[in-house]
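This report describes the strand pairing, the nonpolar core and two acidic residues of one protein chain. Please consult the sequence and the coordinates shown here while reading.

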Amino acid sequence: MTHREFKLIVKKDIMESAGYGRKAVHYHVGDIVTLDEATFDRLQSGSSVQQYTQEGVIAFDKYDFENEVAVTTVMVEYSTRKLGQRKNK
């Protein structure tokens, strides 16, 4: 199984909307945001992404981040091994 993580650098402040016209900065310029592959693909295709928090919602698109993205790929392999125990008599 292959797992990919995408690390994006914030280019402009990303605000969190808590309703009633109140907004707070959730990610500052220079912060690193880690996304999974499905979210990155949606972002790359031009869609806006919404993430829900306890206080409200964060919405961002690909123009909120630097163009260059760091990708970490992890290969996970599951298997079983024998200890080599002899039969008890």
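Across which strands does α1 lie, and at about what angle to β4 does α1 run? The helix α1 lies across β1 and β4, and its direction makes an angle of about 105° with β4. The model is predicted, and the description below concerns that model.

## The sheet β4-β1-β7

An open sheet is formed by 3 strands in the order β4-β1-β7, with antiparallel pairing. Its edge strands are β4 and β7, each of which pairs on one side only. From one strand to the next, the twist averages 25°.

Strand β1, residues 2–9, pairs with β4 in the antiparallel sense over 5 bridges. Within this pairing, lysine 7 has threonine 34 of β4 as its bridge partner. On the other pairing, 6 bridges join β1 to β7, and these two strands also run antiparallel. Here arginine 4 stands opposite threonine 73 in β7.

Strand β4 comprises residues 32–36 and has two faces: Val33 and Leu35 make up the covered one, whereas Ile32, Thr34 and Asp36 make up the uncovered one. Threonine 34, the bridge partner of lysine 7, thus belongs to the uncovered face.

## The sheet β3-β2-β6-β5

A second open sheet contains 4 strands in the order β3-β2-β6-β5, again with antiparallel pairing. The edges are β3 (23–27) and β5 (49–52), and each of them pairs on one side only. The twist in this sheet averages 35° from one strand to the next.

Strand β2, residues 14–17, is joined to β3 by 4 bridges in the antiparallel sense. One pair is formed by serine 17 and its bridge partner in β3, lysine 23.

## The nonpolar core

The largest nonpolar core has 13 residues, of which Leu8, Ile14, Leu43, Phe60 and Phe65 touch the most other members. At least two residues of this core are supplied by each of β1, β4, α1 (37–44) and β6.

Isoleucine 14 has contacts beyond its neighbours within four places in sequence: Ala24, Val25, His26, Tyr27, Ile58, Ala59, Phe60, Asp64 and Phe65. Two of these, Phe60 and Phe65, are also named with isoleucine 14 among the core residues that touch the most other members.

## Two buried acidic residues

Why is glutamate 16 classed as buried? Glutamate 16 is classed as buried because its relative accessible area is 9%, and buried means under 20%. This residue lies in strand β2. The side chains of glutamate 16 and threonine 53 are joined by a polar contact of 2.3 Å. Leaving out residues up to four places away in sequence, glutamate 16 touches Arg22, Lys23, Ala24, His26, Thr53, Glu55, Gly56, Val57 and Ile58.

Aspartate 64 is located in the loop between β6 (57–60) and β7 (70–75). With a relative accessible area of 10%, aspartate 64 is therefore buried. Its side chain reaches the backbone nitrogen of aspartate 61 at 3.1 Å. When residues up to four places away in sequence are not counted, aspartate 64 touches Ile9, Val10, Lys11, Lys12, Ile14 and Ala59. The contact with Ile14 links aspartate 64 to one of the core residues that touch the most other members.

Methods
Residues are numbered from 1 along each chain as its sequence is written. This is a predicted model: local features need pLDDT of at least 70, side-chain atom pairs count only at pLDDT 80 or more; totals for chains, interfaces and linings use all residues. Side-chain values use heavy atoms; hydrogens and water are left out. Buried means under 20% relative accessible area, exposed over 50%, partly exposed in between (1.4 Å probe, protein chains only). A polar contact is a pair of N or O atoms within 3.5 Å; within protein, one must be able to donate a hydrogen and the other to accept it, and residues adjacent in sequence count only if both atoms are side-chain atoms. Contact means heavy atoms within 4.5 Å. Two strands pair if DSSP finds at least two bridges between them. Axes are lines fitted to C-alpha atoms, for helices over the stretch in contact, and angles run from 0 to 180 degrees between N-to-C directions. A nonpolar core is a set of buried Ala, Val, Leu, Ile, Met, Phe, Trp, Tyr and Cys residues joined through side-chain atoms within 4.5 Å.
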